[in-house]
Amino acid sequence: MQLADHHRTGFVGLALAGGGPEGAIYEIGVLRALDDALDGLDLNDVRVTVGVSAGAFVGASLANGITTAQLVRSAVGEEPTDHPFRPELFMSPAFGEYAKRGLQIPGLIWDAFRSVVDDPKGTSGFVSALVERLGRALPVGVFDNGPLRAYLKKLFEPAGRTDDFRQLKNPLYVVATDLDSSETIVFGEEGEDHVPISMAVQASTALPGLYPPVEIEGRYYVDGVLNKTVHASVAFEHGAGLVICVNPIVPVDTARAVAEGAMRRGRLTDRGMPGVMSQTFRTLIHSRMGTGMASYQGRYAGADLLLFEPRKDDYRMFFTNVFSFSSRKEVIEHAYRSTMEQLRDRADEVGPILERHGLTLRTSVLARQAHNVWESVGLSGERRILPTTVPTRDLRDALADLGDLLG
């Protein structure tokens, strides 16, 4: 959307929202499509990149010179020069958190008993005191995203890459939330740029309930999505005239999913708590993002914003399991193809906005009958990853998992 009737000349910025492993995979597919379809855009040389949660992971990779083609190949385990990205990095059990909380239980039980002995006429009995105190022993996170930080630290070790915000060619901003003050913290800005990029991304991806808060210099940080969804304002405030936003999180409309057989029934309650919580989270996040986008019109006169996200009837993004190799492939394929279709369908709207900022649509690319992301990144012919049958996909995934277990 255009944010005002007049425009200002300004460089292009990139703002990437969160969305967990699935969101990261989706964003990689979208960005590869933009790379192929937009002339004049170099996603490794964007003047300002802003990332939150999974978007911080992708943005940090781009800012370090890792190309969209490398990201695609890495996501499906076909990038020989880099460590393959596996969604399991986001889902390592937080054994350290479990142990730390478990060790507190004896002391908490004794504390509850002592409180009743010290105040036998108190209104709360032993059971009530015990329940209250044992609540402190509940883990503050189910998973540990420490492995994600270790992965990024190793990924940024080779020459030409860095784990230091201050050594990047162009500014990178990673958004997190200070848990105790609820304030937004932008790592990479002056005063916060000494924190390693890998640690900042770990903090930005620490969604409360799923991951423990990340301690940095005595403060605890969690996912930046708590305050805003995309944080495009950070790019505008640093001078961007056009901000390209990618948001993978939208609520799903189940009517089409039922019609096309992706769901047997049109009730998300049939999928249990995960389905209900996912839809609730997506609805809240997307509603708040719409409010934030609307506010930009009055705040950044003359600036332009282009948003790419799934449609509400895009049930593939709701019902896929990106921990399956074949599903990761399908999400990338789908994100790439649907972005190409969006650019073609919105050419009359998008083209003039891009031209104001020195970019143009490659009409010859958009006019193609079929858009193949694998040929785009050099995975064609024998190396092309297109499983033929469900049993074949399941067997390959099982063999890959077995190989991991055996080291």
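In which helix does Val117 lie? It is helix α5, which covers residues 105-118, and the points below begin with the whole protein before they return to that residue.

1. The model discussed here is a predicted one, and a reader should keep that in mind throughout. The protein has 17 helices and 12 strands, and buried residues make up 50% of its 407 residues. Among contacts between residues at least 6 apart in sequence, 78% join residues that are at least 24 apart.

2. Turning to the surface, the protein exposes about 18800 Å², of which carbon and sulfur atoms supply 54%. Val117, in helix α5, belongs to a nonpolar patch on the surface that it forms with Trp110 and Phe113, and together these residues have about 330 Å² of accessible area.

3. Helix α7 spans residues 146-155, and within this helix Leu148, Tyr151, Leu152 and Leu155 are buried. When one looks down the axis of α7, its buried residues fall within an arc of 95°, so they line one face of the helix. The buried residues of α7 pack against α2 (54-63), α3 (68-75) and α8 (197-204).

4. Thr68 is found in helix α3, and it deserves a closer look. With a relative accessible area of 1%, Thr68 is buried, since buried means under 20% relative accessible area. Leaving aside residues up to four places away in sequence, Thr68 touches Leu31, Arg32, Asp35, Leu43 and Leu62. With one of these, Arg32, the side chain of Thr68 makes a polar contact of 3.0 Å.

5. Arg32 leads on to the salt bridges, of which a search of the whole structure finds 11. The side chains of Arg32 and Asp35 meet in a salt bridge, at 3.7 Å from N to O; both residues lie in helix α1 (residues 20-37), three residues apart, which is about one turn of the helix. Arg32 also forms a salt bridge with Asp36, where the closest N and O atoms are 3.1 Å apart. Because Arg32 and Asp36 are four residues apart in helix α1, about one helical turn separates them.

6. Are the residues of these pairs buried or exposed? Arg32 is buried, with a relative accessible area of 11%, and Asp35 counts as buried at 19% relative accessibility, a value under the 20% limit that defines the term. Asp36 is buried as well.

7. Another salt bridge links Lys169 with Asp45, their closest N and O atoms being 3.3 Å apart. Lys169 lies in the loop between α7 and β6 (172-178), while Asp45 lies in the loop between β2 (38-39) and β3 (48-52), so the pair ties together parts that are 124 residues apart in sequence. Lys169 counts as exposed, at 68% relative accessibility, whereas Asp45 counts as partly exposed, at 34%. As for the pairs in helix α1, salt bridges that share partners join Arg32, Asp35 and Asp36 into one network.

8. Finally, Phe187 has its place in strand β7 (residues 184-187), and it is buried, with a relative accessible area of 0%. Not counting residues up to four places away in sequence, Phe187 touches a list of residues including Phe165, Leu172, Tyr173, Ala200, Ala203, Ile216 and Tyr221. Phe187 and Val201 are 14 residues apart in sequence, and their C-alpha atoms are 9.0 Å apart in space.

Technical notes:
Residues numbered from 1 in each chain as written. Predicted model: local features only at pLDDT ≥ 70, side-chain atom pairs only at ≥ 80, totals over all residues. Heavy atoms only, no water. Buried < 20%, exposed > 50% of the residue type's maximum accessible area, 1.4 Å probe, protein only. Helix = DSSP H or I, 4+ residues; strand = E, 2+ residues; numbered from the N terminus. Arc of directions from axis to C-beta. Contact = heavy atoms within 4.5 Å. Polar contact = N/O pair within 3.5 Å; in protein donor to acceptor, adjacent residues only side chain to side chain. Patch = residues over 30% accessible without salt bridge, like charges linked within 9 Å, V, L, I, M, F, W, Y side chains within 5 Å. Areas by Shrake-Rupley, 256 points an atom, 1.4 Å probe, with all protein chains shown as cover. Salt bridge = Lys/Arg side-chain N within 4 Å of Asp/Glu carboxyl O.
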